[in-house]
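This report examines the fold, the nonpolar cores and several individual residues of one protein chain. The structure is shown below.

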Amino acid sequence: MFWNLNRKPLEEQVAALCHEHEVDILILAESSGISEKKLLLVLNKGKASKFKSHVSQTKGRMFYAKFPPGHLKIYEVKDITFMELTPPDSLDILIAVVHMRSKLHFQDIDQASLCPRYAKWIRQE
């Protein structure tokens, strides 16, 4: 699940959606308004399979997954954060997270013009 929190403290709401939809991977953008400790507590309360926090170098992006650290790698290329998953007994998964520039400062055409560049960088991975 991906959610841009817009710096709002929505730990309870995020956890409720994760529980309701049995989420295994959680990616948060603009998450500086939440407490990582509190989020992990509410995400993992009463659950056998526990979320673990995984560090991103990009400020405001947070990654949580139920996969052990050895099966998950996070790295940055240009403006993209990649999450490479190698789940046991399953196909490898590559997730690319791009946080587009705000529409407050850019128009749709500006965002659209960046998409081919992002696609090229993703294909190179």
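Helices and strands are taken here as DSSP runs, with at least four residues for a helix and at least two for a strand, numbered from the N terminus. On that basis, Glu22 comes just after α1 and takes a positive phi of about 50°. The coordinates belong to a predicted model.

**Overall architecture**

The protein contains three helices and seven strands. Their order along the sequence is β-α-β-α-β-β-β-β-β-α. The radius of gyration is 15 Å, close to the 14 Å that the globule rule gives for 125 residues, so the protein is as compact as a globular protein of that length. Along the principal axes, its C-alpha atoms fill a box of roughly 45 × 35 × 25 Å. Of the 125 residues, 33% are buried. The exposed surface amounts to about 7900 Å², of which carbon and sulfur atoms supply 53%. When contacts between residues at least 6 apart in sequence are considered, 43% of them join residues at least 24 apart.

**Nonpolar cores**

In soluble globular proteins, nonpolar side chains tend to be buried together. The largest nonpolar core in this model has 15 residues, and the members that touch the most others are Val14, Leu26, Leu28, Leu39, Leu43 and Tyr64. Two or more residues are given to this core by each of α1 (11-20), β2 (25-29), α2 (36-44) and β4 (62-65). Beyond its neighbours within four places in sequence, Leu39 is in contact with Glu11, Val14, Leu26, Leu28, Ile34 and Tyr64. A second, separate core comprises nine residues, including Ala65, Phe67, Leu72 and Leu85.

Leu85 is situated in strand β6, residues 80-85, and is buried, with a relative accessible area of 0%. Once neighbours within four places in sequence are set aside, its contacts are Ile25, Phe67, His71, Leu72, Asp92, Ile93 and Ile95. The C-alpha atoms of Leu85 and Ile74 are 8.9 Å apart, and these two residues are eleven apart in sequence.

**Helix α1 and the loops beside it**

Within α1, the buried residues are Glu11, Val14, Ala15 and Cys18. Viewed down the helix axis, they fall within an arc of 95°, so they line one face of α1. These buried residues pack against β1 (2-4), β2 and α2.

Most residues other than glycine have a negative phi. Two residues in loops that adjoin α1 have a positive value instead: Arg7 at about 60° and Glu22 at about 50°. Arg7 belongs to the loop between β1 and α1, while Glu22 belongs to the loop between α1 and β2.

**Accessibility of selected residues**

The table lists relative accessible areas for four residues.

| Residue | Relative accessible area | Class |
|---|---|---|
| Cys18 | 2% | buried |
| Cys115 | 39% | partly exposed |
| Leu85 | 0% | buried |
| Glu22 | 65% | exposed |

**Cysteines**

How many disulfides does the model contain? With a disulfide counted when a pair of cysteine sulfur atoms lies within 2.5 Å, the count is zero. Cys18 is buried at 2%, whereas Cys115 is partly exposed at 39%.

Key. Residues numbered from 1 in each chain as written. Predicted model: local features only at pLDDT ≥ 70, side-chain atom pairs only at ≥ 80, totals over all residues. Heavy atoms only, no water. Buried < 20%, exposed > 50% of the residue type's maximum accessible area, 1.4 Å probe, protein only. Core = buried A, V, L, I, M, F, W, Y, C linked by side-chain atoms within 4.5 Å. Contact = heavy atoms within 4.5 Å. Rg over C-alpha atoms; globule rule 2.2 N^0.38 Å. Areas by Shrake-Rupley, 256 points an atom, 1.4 Å probe, with all protein chains shown as cover. Arc of directions from axis to C-beta.
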